[in-house]
Each structure stands twice: as structure tokens, then as C-alpha cells.
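The report below is meant for a reader meeting this structure for the first time. It is best read with the sequence and the model side by side.

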Amino acid sequence: MNMNLQLMRLIRRITGNDSEYQTADQSRILPALRLSVAFLAILLCALSQNAIYVIMIIAAELLWLSMKSPIFIRKTLKPVLIAVLFCFVLMLPAVSMGHPRTLLTVSMKVFESVLILSQLENSVSWQNMTDAFRTLHCPQLFVFTLDMTMRFLVILGRYSNSILEAVSLRRVGPDHWKTAGTGGILGTTFLRSQKMSLETSEAMACRCFDGEYRSYRRRRFSRPDALYALLIPLLIALFVYTQQAM
Amino acid sequence: MHIPDNYLSPQTCAVMAAAMVPVWTVSIKKVKAEIPKVKLPMLGVGAAFSFLGMMFNIPIPGGTTGHAVGGTLIASLMGPYAACIAVTVALLIQALIFGDGGILSFGANCFNMAFVLPFVGYAATQLIMKRVKGKNADLIGSAIGSYVGINAAALCAAIEFGIQPMLFRDAAGNALYCPYGLNVSIPAMMLGHLTLFGIAEVVYTTAVLAFVRKAAPEMKSSTEAVRTALPLKLLMAALVILTPLGLLAEGTAWGEWSTDEIAATGAGFTPSGMLSGFSYSSLIPDYSLTGMPEWLGYILSAVIGAAILIIIFKLLSVAGNSKKENLTV
């Protein structure tokens, strides 16, 4: 039953993400622009030689996050805290080697980077993310793989969920099936995925889909987009200023 | 009023922390019982106001500084138990991230500012409100309550400082921790709080209360989830931008000197307990970052502190409650 629940959670997360953002404001900002700003902020954070830039970005991120709903905050912070905790444990030996600041610096950078990505993930749907990657001229293969992965996670997730449900309904006696049956379920799912990939390939050929992703929801560069785009020079200026401050 | 580490003996710190445990326990139980979870984000806003209030340092002649705390303000809005929790979390953030107030002395700081201040302030407010009639009774009550509250807290801090040389001395008879006895600490602390800092607390409390009454009355009366009113957000933004005014006050607050400053304050020596005591290096010490203008560091600290407090209380409002998906901001 636990495995069923885990799978259902995963599916809900992906499909929920999509349905939420169909009804939500879908952000007035172009997803490609958001993605660019996020990547730039993370890149500059990684390049930063001092903590000032990182702390400034963290302050801005926290301010933005504090204005969101409690549910959004929880969804956003959960992966961030796990990542920071993991990093903290990994970097703990730095303290015993006499570099406690390194522990703080790396943990802060991880916090900042994962926070940006987590916020992006929670505020841009998967379809828009694919669209954003395409707009940014990411290789077709990359976009195709990402898109297919997301779709098949849901499809195969539902499939294995049905098998698990069937197995648990037919289960009688001691609880040994979990280990004995898992291999079978995984194997069946794998075979199914092979079949489905062939079907997908045929469906692609029938629809004359050559792997080229085109965005059909092009919209004009609006005023909020222009304002948001100002973040790019602002981030670079901030980075240059903070690096000179040392 | 933020007692740094090593000014109080570890024994005193342990006693104060132990004294706070039942207070925190009762406060958490009361808040759980009396305040609906959906109103907890409002408590975060209150804690943020308290945090920002503590950043406005005010100078008094003699080179010392002080600030408002806002404990009575939160107590008037949401009750003393909620104020205790809110100020405790604000003090924790200050100690851990900004190095304002010690880690060991956290219990003592909470006793003064998160327990004595809001509870005494609230009791005085209620007492006055029963005796004063009219539509401004709550404002008058809160004004007097906040003055009484902050002075009671300052007196407690002064006593905690003052008993150190009486209790802890080395073989040569020198104080191990705070070198000033009650005869110095009480007048030094009370002089500022009975005058300027007390007035600052009154002004801060009544100004914000009057503003809330006009702009966001639901913050006090509603028992349901309320969206933080725009004027309240604007007020908070204005406070954040104005926090560098706290830098105009030169000098260190009484009892908050660093180890290299204390000998020059009149003590004539640095107590050995301070030299070899506990030291904690915070992330943004004294609300400033090396290589950054002080005013910018102050604004950043205000943003980080206020945002973290609001986030913490918003998270508490949905803790263990994943089904309530439609809460307001």
C-alpha cells in the first residue's frame, strides 16, 4: 500500500503541477525569461567570491517567498531544506579542518540555488518549462527527452500503480510479496515501456513529428516582461559591484 | 537590552533558560488553544514588526543606545502568550543570524523581552483600559502598558547584570562576568528606559496600533485567515527602508560592549570569564557585511529577518495540515 501511495504522490505532483498552472495566473512573465534569470542568478552565485552577492539574492528570494501562501512556501522550502541539510552534513568535516566559513558559504550557495529552482518549479508548469527550453534554443534532443520523461513518468506511474493495486488486492497471508513481487512489477513495467516507446515512435511518424518542438503559444513581449528583463543587467551589475567590494 | 554571551555566568543562563521552559510550554498550549492556525501568519507580521522595531537604535547622552521592542504591541493585538512566542522567535533569529544577543544568554533575553515585557505590558494595558473610558482607551492603555512593560524588562536585565559581580569572582576578587554591580547597572539601564527608550516604545506601540486600527482592523478582531492589508505591507516596507536610521545612533548599548570595549567603559579590566568564554560567529554579525555599506547591510538584514519571521509563522500555520490548500497570503 505504501508503494501505491508513493506512486500516487509522484503522479499527483506532476499532474497537479500542470492543472494548477492552467488555472493560476500562469505568471505574467515569459517562462523563458524566468528560466534565463534563474540560470543567471545561480551561475553568478556559483562564481561569486564573497558572501555578499549570495546574501543579497537570498534576501530578495526570501522577501518574494514571504509574500506567497503558506502552502506554496512549504512546497518550495521542503526540497531546499533537504538539500541544505545534505550539503551541511557533507561539508561538516570542513569545520574540524578549521574552515567553518566554507561550511556556511557552500550551504548558503546551495540554499540560494535550490531555492531559485524550487520557486521556478512551483511557479512554471512543465509544458511552459519545455517551451522555455525550446525558446532558449536548447538542443531538440534535450527538450524531447525532458518532455518524454515527464509524460512517461505519469503514464508508467499509473500503470505500475494499477499492478500494485491488483497485487495487494490478491495478496493473502504473510507480507512477503513486497520483496518477491517488486522485481516482477518492475519487469512488467519495463516491458510495457518498451512497447509504449515503439507505439510512441509510430505515432510520431503518423503525425509527421520529427522531434522538432514548436511553440504555438507565442505572445508578445509585454511590459511586465520588460521590467523582469531588467533583472538581467541588475544581477550582473550587482555581481560586479559585490565582487569589487572584497 | 540584548544581553550578549559571557556577560552572565553559565549558571545564571541555565537558570533563566530553565525558567523560560514552563513559560514557553504554557504559551504554546495557549496559542494552540486560543489562536486559530490560520491567524498564525498575522503573528509572523507582529514578530516582524518587533524585529524591525529593535533595529531602530536611539542614542542618549553618554554614548549609549537603546531601542523599542514591540512586545506590548503584539500582546495588545494577539494576546501575551502569542507575544511571548513571537518575540522569542524574533530573538532567536537575531541571535543566530545577526549575533544580536547571545546564544547562552538566549533564555535570559527571552525572560526579559519575551516574558516580562509582554506580560507586564499586557497586564498594565488591561488595568488601564478598565479605568479609562472612551474610544481611545485601548491606545492609552497600550501606551502606558508598553512603557511599564519595557521598564520592567530593563529592570530585570539590570538585576541579571548586577548580581554577577556579587556571585562570581576570581581569586583576586575581580568579577568573572559583568563587572558592574546593582548600584551601577540599575541606574544605567533604567535611566535610558525611563526616558527615551520608554518613550520610543510608547510611540512605536501606539503608532503601529493606531495604524492597524485604521488600516487593518481585521488583524485584531477576525478569527479567520486574513490577507495582510496593503497599508500594513507598505508600513513594513517603509520601516525596512528606514532601518538605517538606527545607524545614526553611535555607541553601543549599555551592557552590550565587545570584549575589547569593556575595559574602557570604566571597568578598568576585561573579566576573565569574558576572555575565555563562549564565542559564536553569526552569519551577518551586527547586521552588517564586510565590504558593504553599513546602510545596505542594515536594510538587507531587515529584509532577511522580517521575511524569515513571516515565513516561519506561515509554515507553522500549515504544519501537519496538508489538506487545507486554500489559505490566503
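How far does helix H9 (residues 196-215) of chain B reach from its first C-alpha to its last? The model is a predicted one, and in it this helix of 20 residues reaches 28 Å, close to the 28 Å expected at 1.5 Å a residue. The buried residues of H9(B) are B:Phe197, B:Gly198, B:Ala200, B:Glu201, B:Val202, B:Tyr204, B:Thr205, B:Thr206, B:Val208, B:Leu209 and B:Val212. An α-helix has 3.6 residues a turn, so residues three or four places apart point the same way.

**The two chains**

The table sets out chain A and chain B by their helices and strands, their buried share and their exposed area.

| Chain | Helices and strands | Buried residues | Exposed area | Carbon and sulfur share of the exposed area |
|---|---|---|---|---|
| A | 11 helices, 0 strands | 40% of 246 residues | about 14,800 Å² | 68% |
| B | 14 helices, 2 strands | 57% of 329 residues | about 13,400 Å² | 67% |

Read along its sequence, chain A follows the pattern α-α-α-α-α-α-α-α-α-α-α. Among the contacts in chain A between residues at least 6 apart in sequence, 81% join residues at least 24 apart, and in chain B residues 24 or more positions apart account for 79% of the contacts with a separation of 6 or more.

**A helix of chain A and its cover**

Helix H3 (residues 51-66) of chain A has 16 residues, which at 1.5 Å a residue should span 22 Å, and its end C-alpha atoms are indeed 22 Å apart. Is H3(A) largely enclosed by the rest of the structure or largely open? Of its 16 residues 12 are buried, so the helix is largely enclosed by the rest of the structure. The buried residues are A:Ile52, A:Tyr53, A:Val54, A:Ile55, A:Met56, A:Ile57, A:Ile58, A:Ala59, A:Glu61, A:Leu62, A:Leu65 and A:Ser66. What covers these buried residues includes, from chain A, helix H2 (31-47), helix H4 (70-91), helix H6 (100-123) and helix H11 (231-244), together with helix H14 (294-317) of chain B.

**The largest cavity**

The count of cavities of 30 Å³ or more comes to 2, and about 100 Å³ of space lies in the largest cavity. Which residues line the largest cavity? Its lining is made up of B:Met1, B:Thr64, B:Thr65, B:Gly66, B:His67, B:Ala188, B:Met189, B:His193, B:Phe197, B:Ala253 and B:Trp254. Strand E2 (64-66) and helix H8 (182-194) of chain B each supply at least two residues of this lining. By class, the lining has 6 nonpolar, 5 polar and no charged residues. One of the lining residues, B:Phe197, is also listed among the buried residues of H9(B).

**Two residues with a positive phi**

Most residues other than glycine have a negative phi, and most peptide bonds are trans. B:Asn6, however, has a phi near 75°, a positive value in a residue other than glycine, and its place is in the segment before helix H1 (10-34) of chain B. With a relative accessibility of 12%, B:Asn6 counts as buried, because the cut-off for burial is under 20% relative accessible area. B:Asp286 likewise has a positive phi, of about 55°, although it is not a glycine; its place is in the loop between helix H13 (272-275) and H14 of chain B. B:Asp286 is exposed, with a relative accessible area of 56%.

**Two partly exposed residues of chain B**

B:Arg169 lies in the loop between helix H7 (164-167) and H8 of chain B, and at 48% relative accessibility it counts as partly exposed. Although 104 residues separate B:Arg169 and B:Gly273 in sequence, their C-alpha atoms are 9.4 Å apart in space. Leaving aside neighbours within four places in sequence, B:Arg169 is in contact with B:Asn174, B:Ala175 and B:Leu176.

B:Val148 lies in helix H6 (residues 137-162) of chain B and, at 34% relative accessibility, counts as partly exposed. B:Val148 and B:Thr125 are 23 residues apart in sequence, with 9.0 Å between their C-alpha atoms. Which residues are in contact with B:Val148, leaving aside its neighbours within four places in sequence? They are B:Val120 and B:Ala124.

Note on methods:
Residues numbered from 1 in each chain as written. Chains lettered and ligands numbered in written order. Predicted model: local features only at pLDDT ≥ 70, side-chain atom pairs only at ≥ 80, totals over all residues. Heavy atoms only, no water. Helix = DSSP H or I, 4+ residues; strand = E, 2+ residues; numbered from the N terminus. Buried < 20%, exposed > 50% of the residue type's maximum accessible area, 1.4 Å probe, protein only. Contact = heavy atoms within 4.5 Å. Areas by Shrake-Rupley, 256 points an atom, 1.4 Å probe, with all protein chains shown as cover. 1 Å grid on protein atoms, 1.4 Å probe; cavity = no way out; pocket = protein on both sides within 12 Å on 5 of 7 lines; lining within 4 Å. Points joined across faces, edges and corners; volume = space filled by probe spheres on them. Nonpolar A, V, L, I, M, F, W, Y, C, P; charged D, E, K, R; others polar. Expected span 1.5 Å × (residues − 1).
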